Amino acid sequence: MYPDRVVSGMRPTGALHLGHYHGALKNWIKMQSELPCLFFVADWHALTTHYDDPSAIEGNTWDMVIDWLAAGVDPSQATLFIQSKVPEHAELHLLLSMATPLGWLERVPTYKDQQEKLADRDLATYGFLGYPLLQAADVLIYRASLVPVGEDQIPHIEMMREIARRFNHLYGKEKGFEEKAKEAVKKLGSKRAKIYNELRTEYQEQGKEDALEQAKAMLDEAQNLSMIDRERLFGYLEGSRKLILVEPQARLTEASRLPGLDGQKMSKSYGNAIALREDKDSVVKKVRTMPTDPARVRRTDPGEPEKCPVWQLHQVYSDNDTKDWVLKGCRSAGIGCLECKQPVIDAVLKEQEPMRERAQKYIDDPSLVRAIVADGCDKARKLAQDTMRDVREAMGLSYS
């Protein structure tokens with residue numbers, strides 16, 4: 001069994017905003033201390049919708065990495081790299097495309113949804129149709145076990161699992177697999193070998209899931225097995241053959257939808273976002289000019305916080321005492337809208353302050369960012385090359 005590993009990426013389409021921080025980056029920062037993590041700039045994915053004008057991709061790439069570092073992603077804990085600097089992603093994408101049914105790509109829910117939302121762009125390209133397959137290659141090439149996503153991305157993870165399963169079925173046909181697996185069983189020692197065979201029988205003949213889990217746990221603890229023998233025994237246990245690609249699991253991110261300045265979801269396209277490292281004066285101006293409850297025409301008019309976008313930001317940034325103060329003060333006209341907005345301004349600026357500080361050294365010396373990414377690309381490519389050696393061999397493309 002391959003070690004647990006987390007993979008996730010973002011498209012470089014402009015400055016990140018606080019919605020990205022609450023929706024994804026906070027989760028990355030938490031996970032980087034729990035498991036090995038690889039986070040990548042998905043610059044090829046940016047081309048799926050911006051292929052006609054890629055001029056901004058390079059600048060956006062470096063700015064986004066600085067945003068990650070500013071938010072608290074730690075290069076000593078996580079591997080940061082650029083997708084296009086690891087060409088094995090493209091090779092695996094190509095090889096997977098040979099055996100992936102066209103209908104699998106056409107049925108992805110976001111395919112038609114994005115075409116409708118981006119109707120002003122010509123998206124009748126293979127790149128756009130095939131981007132879920134490139135996503136699959138991005139994850140499968142690292143044999144990742146977990147992918148942090150929102151609920152809308154679950155169909156993509158399920159397709160990754162189907163692609164891995166199909167690939168293993170088609171190409172996991174190691175010559176003499178059963179004989180090699182039986183030899184690997186003997187290496188467990190007579191006692192463990194007997195238990196393994198009993199659990200395997202219980203799972204395959206009676207469908208006992210607990211037997212499968214017990215056997216997997218035993219294999220995880222076995223210290224005297226090589227990686228290839230361990231892999232064979234996992235495949236033999238489940239009645240399959242050699243496991244070349246790992247089926248990833250979705251790790252749902254915590255529901256932390258940050259509203260924008262107008263109450264809608266924060267998004268650059270809506271013009272309602274606060275950038276991660278936005279200038280202090282600009283933040284103050286944006287929050288101060290936020291729309292409020294339209295019922296409060298005059299300072300003396302009472303309002304209803306539930307109808308006010310500012311209240312939604314209080315839900316994210318304010319403690320219970322402050323929220324009680326807002327509810328009572330707004331409904332009684334005891335506080336004005338500018339007074340109500342001040343705690344939000346203070347909280348946002350407080351959240352951003354360490355981000356600006358962390359970012360400054362990378363802004364002052366861009367070579368630091370380049371070095372982090374170069375090191376990350378080297379690490380990622382070594383892992384990718386390991387997988388591709390197995391993929392090529394399984395597909396009969398490992399010529400000597």
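Tutor: Accessible areas here come from the Shrake-Rupley method with a 1.4 Å probe, and by that reckoning this predicted model exposes about 20,100 Å², of which carbon and sulfur atoms supply 50%.

Student: How many helices and strands make up the secondary structure of the protein?

Tutor: The secondary structure comes to 18 helices and 5 strands, and buried residues make up 48% of the 400 residues in the protein.

Student: Why is Asp 138 called buried or exposed?

Tutor: Buried means under 20% relative accessible area, and Asp 138, at 2% relative accessibility, therefore counts as buried. Asp 138 lies in helix H8, which covers residues 131-140, and the UniProt record, in an unreviewed entry, places a "binding site" feature at this residue.

Student: Which residues does Asp 138 touch, leaving aside residues up to four places away in sequence?

Tutor: Asp 138 touches Val 7, Phe 40, His 45, Gln 83 and His 89, where a contact means heavy atoms within 4.5 Å.

Student: What makes H3 roughly perpendicular to H18?

Tutor: The axes of helix H3 (residues 57-71) and helix H18 (residues 366-394) come within 11 Å and cross at roughly 90°. Angles of 65 to 115 degrees count as roughly perpendicular, and therefore H3 is roughly perpendicular to H18.

Student: Which residues meet where H3 and H18 are in contact?

Tutor: Trp 62, Val 65, Ile 66 and Leu 69 in H3 meet Val 369, Arg 370, Ile 372 and Val 373 in H18, and the residues of this contact divide into 7 nonpolar, no polar and 1 charged. Arg counts as charged, and Arg 370 belongs to the H18 side of the contact.

Terms used
Residues are numbered from 1 along each chain as its sequence is written. This is a predicted model: local features need pLDDT of at least 70, side-chain atom pairs count only at pLDDT 80 or more; totals for chains, interfaces and linings use all residues. Side-chain values use heavy atoms; hydrogens and water are left out. UniProt positions are given in the numbering used here, feature names are shortened, and annotations may be inferred rather than shown by experiment. Helices (H or I, at least four residues) and strands (E, at least two) are DSSP runs, numbered from the N terminus. Buried means under 20% relative accessible area, exposed over 50%, partly exposed in between (1.4 Å probe, protein chains only). Axes are lines fitted to C-alpha atoms, for helices over the stretch in contact, and angles run from 0 to 180 degrees between N-to-C directions. Angles under 35 degrees count as roughly parallel, over 145 as roughly antiparallel, 65 to 115 as roughly perpendicular and the rest as oblique.
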